[in-house]
Structure formats: structure tokens, C-alpha cells
Amino acid sequence: MNNIYLSKKTEVIGIRKHTPTEWSLSLSIQTETVPGQFVMVSLPGVGEVPISVSGYTADSIELTIRNVGEVTSHLCKINPGDHLYIRGPYGNGFPLEEFAGRHLLLIVGGSAMAPVKPLIEYCLNNNNFQLEGMDIIAGFKSPRHILFRDEINHWKKKYNVRITVDRDEDYAWMGSIGFVVDYIKEVQDISEDTRAIIIGPPLMMTNSVRELLRHGVKEENTYLSFERHMKCGTGKCGHCRIRDKYVCLDGPVFNYNEVKELID
Ligand SMILES: Cc1cc2nc3c(=O)[nH]c(=O)nc-3n(C[C@H](O)[C@H](O)[C@H](O)COP(=O)(O)OP(=O)(O)OC[C@H]3O[C@@H](n4cnc5c(N)ncnc54)[C@H](O)[C@@H]3O)c2cc1C
Ligand code: FES
């Protein structure tokens, strides 16, 4: 039986480098995951960190890691054939039943594409799960920071995808420039029945929620995903607590109504 509280030794079976600081690792592990969940990843003698599941198959998961400090820098030096330890998956994931048959609008900032990617792939690949349509607005610092380029090209065949960059240092980018919030007004199918998900830096989430509400999306149809410092991942240590919410147990995905005092 799969015990989510025990760390399992898993082999790295593939590595993809997206940007100088962001990598995806494929790990040989069988686990059932809901899009939006995370796992605790540990390297003996280094430490343990929460990382979203950015993809999965029947016998593997993918993690996309941004090198920001002690543990993540070691994770980005790992090679195929190396081992690391995984426990989980933890957290609630996205409320898929809430999205069925609806127009879904995803507003994503940078490396937050990692938890959103399995949701998009679930919608694309699951014939029993139909949406009315999907719009994706994803923003990155510059063209060099864009993640999952191949997947994005594939998503564009079925969904409306807009990629925007804050700046274009090479003057070669033919796409949109500006913040994600600037492009919400261009989504054609936005309505009070739209289900919206916003994931990214705090200011981007605050501004995007305001703009969505101005365009008629209902508070109760808006979802956010939070990142907080975590230790246990299982509701024991209190590190991830925001008032009465434990991000590791009650989240990381929250309905806007549950957390609006925290971001306004
Ligand atoms: C639910 C969840 C899902 C996550 N998914 C991913 C993911 O898919 N990919 C990924 O790369 N990262 C993800 N993170 C963030 C990741 O856990 C942190 O970047 C990591 O813990 C940093 O550890 P470190 O030892 O490398 O950095 P440290 O040496 O501990 O810290 C380096 C710097 O990063 C900051 N930092 C540390 N933890 C966090 C955090 N949780 N949020 C924001 N800043 C932080 C510190 O304040 C410090 O400035 C997720 C976090 C959570 C809670
Ligand atoms: S990480 Fe310990 S309670 Fe959430």
C-alpha cells in the first residue's frame, strides 16, 4: 500500500533544463496525484523542500525546480541515475469537479506554471472531462525565462494561450509584452460563470483578482494557490499556517472567499 507519510527512495530517470535556473526532473515512482498537489523532496544531509508535481504518468512524476537556495541548488545538480527521497503527495489539489463543463481561465506567473501544467494536461487528455473552453495567460520575466515551450505549443492547438514577458532584452520576441493583468480584458469568453485560477507572486495575484472581479468573475469562482515555508507538509509543525489555515493541509489551493482578507 502507498503510505504517503514514508519517504521513498526514487531514481532520477530524466532531466530537462528549461532556463539557467529551472530544471525538470523525472522520477521513477508510482503514486496517485491530483493536479495541484505537491510532494516533499529530500536529499540526505542537505534538507527537504515542498515541490509541486508538474507532470505524471502511471509510473513516474515530474518536478520542476527553481534554484533559489540550499536544497534547490543541490537538486539542480542531480544527474540521471541519482536517487532522492519523496513523500506525499500532499495538499488538496485543484477542485476538478468545480471546473467540469465551465470556461476556465488560468492566470499564471513564471514558475507557477509547474502546478498548473498537470491541470492543463488533465483537461487535454481526459476524454471524460470536458470544459466549455480554456484561456491561459502566462507571464515570464523575459523570453529566456519561458518554461515548457514544447507543451505550450501543443496546448495552443486546443486552448487560447497568451504568453507575455515583462521585458525583451534581446529585442527578438514577437509575442506580447506586459503583465498578465494587462491581458485579462482581452479574454473573449469571460463571464460570471468563468472559473478562474491565479498562481504567481503575491502582487500579481492581488492585481489579477481585482481585475477579474471588475470583469464580472465571481469571488466564489476564483481560486488561488499559495506557497509558504513548510517543514512537515502534514499539518503538524505550524510552519505554513496563515491564521487558521494550514497551507499544507487546507491548500495549497484556496477559494478566494477563504483567503481574501489575507491578500487584499
Ligand atoms: C506547496 C508548495 C509548492 C511548491 N512548488 C515548487 C515547485 O514546483 N518548484 C520550485 O522550485 N519551488 C516550489 N516551491 C518553493 C520551494 O519549496 C522553495 O523554493 C524551497 O523550499 C526553497 O528551499 P531552498 O533550501 O532551496 O532555499 P533556502 O535556502 O531555504 O531559501 C532561499 C530563498 O528562498 C526563499 N524561500 C524559501 N522557501 C520559500 C517558499 N516556500 N516560497 C517562497 N520563497 C521561499 C527564502 O526566503 C530565501 O530567500 C513550492 C513551495 C510550496 C509551499
Ligand atoms: S508544513 Fe507543517 S503544518 Fe504545514
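# Exercises on a two-domain predicted model

Five of the seven residues of strand E2 are buried, so E2 is largely enclosed by the rest of the structure. A residue is buried if 20 or more other C-beta atoms lie within 10 Å of its own, exposed if 12 or fewer, and partly exposed in between, with C-beta atoms placed from the backbone. Helices (H or I, at least four residues) and strands (E, at least two) are DSSP runs, numbered from the N terminus.

This is a predicted model, in which local features need pLDDT of at least 70 and side-chain atom pairs count only at pLDDT 80 or more, while totals for chains, interfaces and linings use all residues. Residues are numbered from 1 along each chain as its sequence is written, and chains are lettered from A and ligands numbered from 1 in the order in which they are written.

## Exercise 1. Strand pairing around E2

Determine which strands are joined to E2 and how they run.

Solution. Two strands pair if DSSP finds at least two bridges between them.

- Step 1. E1 and E2 run antiparallel and are joined by seven bridges. Two residues lie between them in a hairpin, and Glu11 is opposite Ser28 in E2.
- Step 2. E2 (residues 22-28) is also joined to E5 by seven bridges, again in the antiparallel sense. Ser26 has Glu62 of E5 as its bridge partner, and Glu22 faces Arg66 in E5.
- Step 3. E5 in turn pairs with E4, antiparallel, over four bridges. These two strands form a hairpin with two residues between them, and Tyr56 is set opposite Ile61 in E5.

In a regular strand, side chains alternate between the two faces of the sheet.

## Exercise 2. The domain interface

Describe the side of domain 1 that touches domain 2.

Solution. Domain bounds come from an automatic or database domain assignment. Two residues are in contact if their C-beta atoms, placed from the backbone, lie within 7 Å.

- Step 1. The assignment places domain 1 at residues 8-90 and domain 2 at 96-263. Taken over C-alpha atoms, the domain centres are 21 Å apart.
- Step 2. Contacts involve 17 residues of domain 1 and 18 residues of domain 2.
- Step 3. At least two residues on the domain 1 side come from each of E1 (8-19), E3 (38-43), E4 (47-57), E5 (60-66) and E6 (83-90). E4 supplies the largest share, six residues.
- Step 4. By class, this side has seven nonpolar, eight polar and two charged residues. Here Ala, Val, Leu, Ile, Met, Phe, Trp, Tyr, Cys and Pro count as nonpolar, Asp, Glu, Lys and Arg as charged, and the others, Gly among them, as polar.

## Exercise 3. The shell around ligand 1

Establish which elements and domains supply the residues around ligand 1.

Solution. A residue is near a molecule if its C-beta atom, placed from the backbone, lies within 6 Å of it.

- Step 1. There are 21 residues around ligand 1, of which Val49, Ser52, Gly69, Val71 and Thr72 come nearest.
- Step 2. E4, E5 and helix H1 (70-75) each contribute at least two residues to the shell. E4 gives the most, with five residues.
- Step 3. Both domain 1 and domain 2 provide at least three residues of the shell.
- Step 4. The shell comprises 10 nonpolar, seven polar and four charged residues.

## Exercise 4. The open sheet

Give the strand order of the seven-stranded sheet and identify its edges.

Solution.

- Step 1. The order in this open sheet is E10-E9-E8-E7-E11-E12-E15, with mixed pairing.
- Step 2. E10 (176-177) and E15 (253-255) are the edge strands, since each pairs on one side only.
- Step 3. E9 (residues 160-165) pairs with E10 in the parallel sense over two bridges, and Thr164 is opposite Ser176 in E10.

## Exercise 5. Helix H3 and two single residues

Compare the expected span of H3 with the distance between its end C-alpha atoms, then classify Glu261 and His215 as buried, partly exposed or exposed.

Solution.

- Step 1. The expected span of a helix is 1.5 Å times one less than its number of residues. For the 13 residues of H3 (residues 113-125) this gives 18 Å, which agrees with the 18 Å between the end C-alpha atoms. Buried residues of H3 include Met113, Pro115, Leu119 and Cys123.
- Step 2. Glu261, in helix H7 (residues 256-263), has 8 C-beta neighbours inside 10 Å and therefore counts as exposed.
- Step 3. His215 lies in the loop between H5 (202-214) and E12 (222-225). Because 16 C-beta neighbours fall inside 10 Å, His215 counts as partly exposed. Not counting residues up to four places away in sequence, His215 touches Ile184, Lys185 and Ile190.
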